[in-house]
Each structure stands twice: as C-alpha cells, then as structure tokens.
Amino acid sequence: MECKKEGNLEECNCSYPGCSRKGLCCECVKHHRERGELPACFFSEKAEKSYDRSIARFVEENS
Ligand code: SF4
C-alpha cells in the first residue's frame, strides 16, 4: 500500500512544531495511543494548540 502522507498533510491540523510523525497517521495514532492520548485531529483548532492530547481534555471539550 502506498503511503498517503502528502494527502494526509493537507488535512492535518496539528500545529506542534517539528514532529516527524506529521502526515504519518499510523505512527501518530500509535504514538498517542501508547500514552493514553488522542491525535491532534480529534480536537478543535483552539484545544489542539494547548498540546494537551489527553482523553480527559477530549471529553471536556465534547461534553
Ligand atoms: S498529533 Fe502528535 S504525533 Fe501527531 S503530528 Fe501532532 S505532535 Fe506529532
């Protein structure tokens, strides 16, 4: 399967600078899942900029 990084980058809302996983959604999800977190694309633009990727923050934003 071909990597879709370029297309993914067009939709990625993550503003965290210098992350090597940007556009590599499989690695991004794995990284945050291992920490009990969610990727940036689960959060609003404002919440994403806090870099708090916790599930608690996700629930707080969506309740
Ligand atoms: S959400 Fe996390 S792993 Fe994914 S691109 Fe942003 S900083 Fe990197």
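Here is a short chat about a predicted model of one protein chain.

Student: What kinds of elements does the protein chain have, and in which order do they run?
Tutor: Start with the count: there are four helices and zero strands in the protein chain. Reading from the N terminus on, then, the order is α-α-α-α.

Student: What radius of gyration does the protein chain have, and what would a compact globule with 63 residues have?
Tutor: On the C-alpha trace, the principal axes span about 35 × 25 × 20 Å. A compact globule with 63 residues would come in near 11 Å for its radius of gyration. The protein chain agrees with that, since its own value is 12 Å.

Student: How much of the protein chain counts as buried?
Tutor: A residue needs under 20% relative accessible area to be called buried. Going through the 63 residues with that cut-off, the share that counts as buried is 19%.

Student: And what about the accessible surface, how much of it belongs to carbon and sulfur atoms?
Tutor: The accessible surface of the protein chain adds up to about 4800 Å². Of that, the part belonging to carbon and sulfur atoms is 53%.

Student: How far apart are the mean positions of the positive and negative charges?
Tutor: The protein chain carries 11 positive and 12 negative charges. Take the mean position of each set, and the distance between the two is 4 Å.

Student: How many salt bridges does a search of the whole structure find, and which residue does E48 pair with?
Tutor: The search turns up three salt bridges. In the one with E48, the closest N and O atoms are 3.0 Å apart, and the partner is R53.

Student: Are E48 and R53 buried or exposed?
Tutor: The cut-off for buried is under 20% relative accessible area. E48 has 0%, and R53 has 5%. Both values fall under the cut-off, so E48 is buried and R53 is also buried.

Student: How are K30 and E34 placed in helix 2, and how far apart are they along it?
Tutor: Their side chains meet in a salt bridge, at 2.9 Å from N to O. K30 is partly exposed at 44% relative accessible area, while E34 counts as exposed at 52%. Both sit in helix 2 (residues 25-34), and because they are four residues apart, the separation is about one helical turn.

Student: Which residue does K49 meet in a salt bridge?
Tutor: K49 is partly exposed, with 46% relative accessible area. Its partner counts as exposed at 59%. The N to O distance is 3.7 Å, and that partner is E45.

Key: Residues are numbered from 1 along each chain as its sequence is written. This is a predicted model: local features need pLDDT of at least 70, side-chain atom pairs count only at pLDDT 80 or more; totals for chains, interfaces and linings use all residues. Side-chain values use heavy atoms; hydrogens and water are left out. Helices (H or I, at least four residues) and strands (E, at least two) are DSSP runs, numbered from the N terminus. The radius of gyration is taken over C-alpha atoms; the globule rule is 2.2 Å times the number of residues to the power 0.38. Buried means under 20% relative accessible area, exposed over 50%, partly exposed in between (1.4 Å probe, protein chains only). Accessible areas come from the Shrake-Rupley method with a 1.4 Å probe; for residues, only the protein chains shown count as cover. Lys and Arg count as positive and Asp and Glu as negative; His and the chain ends are not counted. The place of a charge is taken as NZ of Lys, CZ of Arg, CG of Asp or CD of Glu. A salt bridge is a side-chain nitrogen of Lys or Arg within 4 Å of a carboxyl oxygen of Asp or Glu.
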